[in-house]
Amino acid sequence: MPSLPPDLDALATPLAWTDADGAIAGCNPAFARWLGVGARRLQGLPLAALEFEGDALARWLADGAAQEQIRLRRLPLAFPGASPRFADVWTGALEAGGWLLEAHPVDEFPGEDPVAALPSALSAALKGLAHELRNPLAGLKGAAQLLSRRVEDASSRELTGLIESEVERLAQLLDRLLSPTPPQPHAALNIHAVLERVLRLAESDAGWAVKLARDYDPSLPDLAGDADRLVQATWNLVRNAIEAGAANVTLRTRVEHAVRIADEVHPLALRLEIVDDGRGVPEALAEQVFLPLVSGRAEGSGLGLALAQQVAREHRGSLAFRSRPGHTVFTLLLPMVGEASGDGGSSAGA
């Protein structure tokens with residue numbers, strides 16, 4: 001079994017090392033603290049078992065050429081059954097046999113909130129454009145209605161009806177840009193009641209085409225929030241999954257302790273995950289997916305995810321995602337400590 005210098009215990013960088021078979025032989029206190037588990041519970045556990053999703057560690061350990069140090073970016077690691085931590089991981093072989101893993105913790109979701117980073121000038125320009133388009137659309141709708149009264153054949157009536165419906169759809173889109181729904185005073189709510197409403201919407205929309213699954217933590221306390229806005233945000237996320245070709249969608253709830261959201265640490269938070277096996281977020285849109293009017297579908301409005309992000313901010317929470325084809329997870333983090341009658345949510349807006 002490989003041995004390492006005792007002064008590694010004083011290092012703040014999380015380190016773990018294995019024997020020649022890839023089983024954890026030891027770790028420094030920083031590694032155990034970072035994973036939130038006692039060091040003794042880690043000993044003898046296969047190193048590859050710490051990878052929360054994927055098999056990058058297992059493939060590296062199985063590779064006969066795994067003698068050189070390599071870097072694995074944003075690797076999710078967790079003690080089996082626990083929530084993942086994310087780190088850039090350096091791995092390399094030890095001279096005495098076995099391997100060394102050095103973890104450099106990183107935030108679960110990189111970068112700034114894309115909506116918060118949207119320049120205010122662009123936001124104002126979008127609203128100005130929306131305002132300018134309202135009058136021409138009203139004129140088009142009126143002209144279509146007058147024309148429909150003058151035509152007699154069914155095909156012409158169908159075309160004028162199509163013009164009216166499309167103009168109405170555009171008018172509603174502009175209304176959502178110009179007058180987003182204001183946040184309501186928050187009240188105590190059961191998040192699972194919210195999710196059941198969303199599942200009913202999904203069942204009526206997708207029918208038997210999508211398998212909807214529940215993975216709830218029944219011990220969750222009530223949350224202070226706006227039930228209607230949370231239904232709207234979660235339904236947008238589920239509908240996106242359905243429209244991305246998902247055959248399976250799972251709603252998962254868990255409680256998280258000592259969670260950092262933006263610059264604030266919350267002692268208790270809800271972790272709501274919407275997991276699907278659809279096509280995933282297009283790589284070209286990954287950096288802009290939460291921006292208004294950005295959509296991966298030709299028929300999409302590009303407002304669903306922007307609205308969901310806004311609802312998360314109204315509840316002092318965050319919304320982010322990780323995605324690959326066949327496995328996409330949108331994660332909504334909401335603090336669970338606060339006044340139920342509340343502050344009415346944040347006034348931050350997109």
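Strand β1, residues 15-18, pairs with β2 in the antiparallel sense over 3 bridges, and within that pairing Thr18 stands opposite Ile24 of β2. I should say at once that this is a predicted model, and that what I describe is computed from it.

Stepping back to the sheet, β1 and β2 belong to an open arrangement of 5 strands, in the order β2-β1-β5-β4-β3, with antiparallel pairing. The edges are taken by β2 (24-27) and β3 (70-77), and each of these has a single partner strand, so one side of each is left without a neighbour in the sheet. From one strand to the next, the twist averages 30°.

Let me turn now to helix α7, which covers residues 191-206, 16 residues in total, and reaches 22 Å from its first C-alpha to its last, close to the 22 Å expected at 1.5 Å a residue. At its start, a side-chain oxygen of Asn190 comes to within 2.8 Å of the backbone nitrogen of His192, and just after the helix Gly207 takes a positive phi of about 60°.

Which residues of α7 are buried? They are Ile191, His192, Val194, Leu195, Val198, Leu199, Ala202 and Ala206, and because they cover an arc of only 145° around the axis, they lie on the same side of α7. The general background is that an α-helix has 3.6 residues a turn, so residues three or four places apart point the same way. On the other side of α7, Arg200 and Ser204 are exposed.

As for what the buried residues of α7 pack against, the partners include helix α8 (227-243) and the strands β9 (248-261) and β10 (264-276).

Note on methods
Residues are numbered from 1 along each chain as its sequence is written. This is a predicted model: local features need pLDDT of at least 70, side-chain atom pairs count only at pLDDT 80 or more; totals for chains, interfaces and linings use all residues. Side-chain values use heavy atoms; hydrogens and water are left out. Helices (H or I, at least four residues) and strands (E, at least two) are DSSP runs, numbered from the N terminus. The expected span of a helix is 1.5 Å times one less than its number of residues. Buried means under 20% relative accessible area, exposed over 50%, partly exposed in between (1.4 Å probe, protein chains only). The arc is that of the directions from the helix axis to the C-beta atoms. Contact means heavy atoms within 4.5 Å. A polar contact is a pair of N or O atoms within 3.5 Å; within protein, one must be able to donate a hydrogen and the other to accept it, and residues adjacent in sequence count only if both atoms are side-chain atoms. Two strands pair if DSSP finds at least two bridges between them. Axes are lines fitted to C-alpha atoms, for helices over the stretch in contact, and angles run from 0 to 180 degrees between N-to-C directions.
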